[in-house]
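Open the model in your viewer and keep the selection box at hand. The tour goes stop by stop.

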Amino acid sequence: MTVLIAGAGIGGLAAALSLHAAGVGTAVVESAREIRPLGVGINLLPHAVRELIELGLGDELAAIGVATAENVYADRFGRRVFTEPRGMAQGYRWPQYSVHRGELQRLLLAAVRERLGADAVRTGARVVGCDGSAEGAGERGGVRVRILDRATGTVEESAARALIGADGLHSAVRAALHPQDGPLLWSGIRMWRGTTRAEPFLTGRSMVIVRDGDAELVAYPIGGGRVNWVCQVRVSEPGPLTGDAAWNRAGRLADVLPYFDHWRLGWLDVSGLLVNSGEILEYPMVDREPLPWWGSGRVTLLGDAAHPMYPVGANGASQAVVDARVLARELARTDAVPTALARYETERREATAAVVRANRAMNRAGARTPEELARVTDTYRDTTGGDVRTLNARASLSCP
């Protein structure tokens, strides 16, 4: 029996590659009928880039990403408040990359199909239930997974050595494990995102964070002459989300432009960035309360299914990649699958809960002076396992 991964996003595909490298048989099912390069820009921090390089993807990643050199904090007139080096300029042995999410997913998918086989990822198939996660499954047992074929509407049952729920923010596996799970929690911030063909700004490898009152802009190049931008505006008090949290919902220029059309940075045309965007996506900034436990027996969670977090620390995809590597290491160390999954959860659950809490704290920080920004960024890095010396000295997560 193979390990079955629900979800062919970044976390699920990284898990498939990691398990294969560790000698663990693996298959992936993905609800989407076709995996297309959707989305906008994301960042991979050095602790995730290290893992992808160790999986043999260093050249491919460098070809699609921009190695971020600095974070520049500024006001709406373009005046610098604070600058922080990033990636190798900060002393890491590995870069930080800004990439298009869909292109990264496509890179990982191609690697999975090349290494595991063309049929390793089955599309149009959604996990809708499972049985065998409890103690009764035993060390020598398996988990029975119910899979909906979206083309025919039929539900089939498949046996797996383990089930990994990497099926995102609205995870069906998480819902099965935690039927009393609380609602998505909204920060009160509405986000608009897009990519625009634009001239390079500052170093050409700079990420900028510009704040003015309740409005914030984050922008950075993602290669191919494109700049990724995120506009965030606080429109409500925090609380449970009552509406839709789809990440690919179309947004309207008329809703976001009034908050930013008076900004004059000088070195970046903010209005032009928004007006000339090929597509605008809109969604609320949400997370969930960290779980007291992730999985049971032969079933566990990974990535956004396990620990959805605010996208304020460039850590969502990065933490999913680290999840994948630790998961593979533990499953390769023992044939006792429940023991391996418990060890994986022990190492990753509290670590990722700390990132969720740190992202909330950063979102509330409101730092404005260079001293405050330096303190906030240093604290965030220490809290989320990104200390330069610690990462540089840490042993590889690759299986011995």
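A word on annotation before the first selection: UniProt positions follow the numbering used here, and annotations may be inferred rather than shown by experiment. Keep in mind too that this is a predicted model.

**Stop 1: the annotated ranges**

Select residues 2–178 and 294–358. The unreviewed UniProt entry gives these two ranges the feature "domain: FAD-binding". Now keep just 294–358. This stretch is 62% helix and 5% strand. Its end C-alpha atoms lie 20 Å apart.

Go next to residues 1–21. Here the unreviewed UniProt entry places the feature "signal peptide". What are the helix and strand shares over residues 1–21? The chain there is 57% helix and 19% strand. From end to end, the C-alpha atoms are 17 Å apart.

**Stop 2: the sheet β3-β7-β4**

Select 41–44, 66–67 and 97–100. The ranges 41–44 and 66–67 are β3 and β4, and 97–100 is β7. These three strands make an open sheet with antiparallel pairing, in the order β3-β7-β4. Which strands sit at the edges? They are β3 and β4, and each pairs on one side only.

Zoom in on the pairing of β3 with β7. The two strands run antiparallel and are joined by four bridges. For a landmark, show L44 and Y97: L44 stands opposite Y97 in β7.

Now add residues 101–116. This is helix α4, which lies across β3 and β7. At what angle does α4 run to β7? The angle is about 90°.

**Stop 3: the sheet β9-β10-β11**

Select 125–131, 143–149 and 155–160. The ranges 125–131 and 155–160 are β9 and β11, the edge strands, each pairing on one side only. Strand β10 covers 143–149. The sheet is open, its pairing is antiparallel, and the strand order is β9-β10-β11. From one strand to the next, the twist averages 30°.

Follow β10 against β11. Six bridges hold this antiparallel pair. Show L148 and V155 as sticks: V155 in β11 is the bridge partner of L148.

**Stop 4: the second largest pocket**

Show V322, R348, T384, G385 and R394. Of the 15 residues lining the second largest pocket, these are the closest to its centre. How much space lies in this pocket? The volume is about 310 Å³.

Colour α8 (316–333), α9 (337–365) and α11 (388–393). Each of these helices supplies at least two residues of the lining. The largest share, four residues, comes from α9. Then colour the lining by class. There are six nonpolar, six polar and three charged residues.

**Stop 5: the cavities**

Turn on an internal surface. Rolling a probe the size of a water molecule over the atoms shows where empty space is left. The count comes to two cavities of 30 Å³ or more.

Centre on the largest cavity, with a volume of about 70 Å³. Which residues come closest to its centre? Of the 13 that line the cavity, they are P290, L291, A306, H307 and A353. Helix α9 gives the most to this lining, with four residues. By class, the lining of the largest cavity divides into seven nonpolar, two polar and four charged residues.

For a last view, leave α9 selected. This helix makes the largest contribution to the lining of the second largest pocket, and α9 also gives the most to the lining of the largest cavity.

Conventions
Residues numbered from 1 in each chain as written. Predicted model: local features only at pLDDT ≥ 70, side-chain atom pairs only at ≥ 80, totals over all residues. Heavy atoms only, no water. 1 Å grid on protein atoms, 1.4 Å probe; cavity = no way out; pocket = protein on both sides within 12 Å on 5 of 7 lines; lining within 4 Å. Points joined across faces, edges and corners; volume = space filled by probe spheres on them. Nonpolar A, V, L, I, M, F, W, Y, C, P; charged D, E, K, R; others polar. Pairing = 2+ DSSP bridges. Contact = heavy atoms within 4.5 Å. Axes fitted to C-alpha atoms, helices over the stretch in contact; angles between N-to-C directions.
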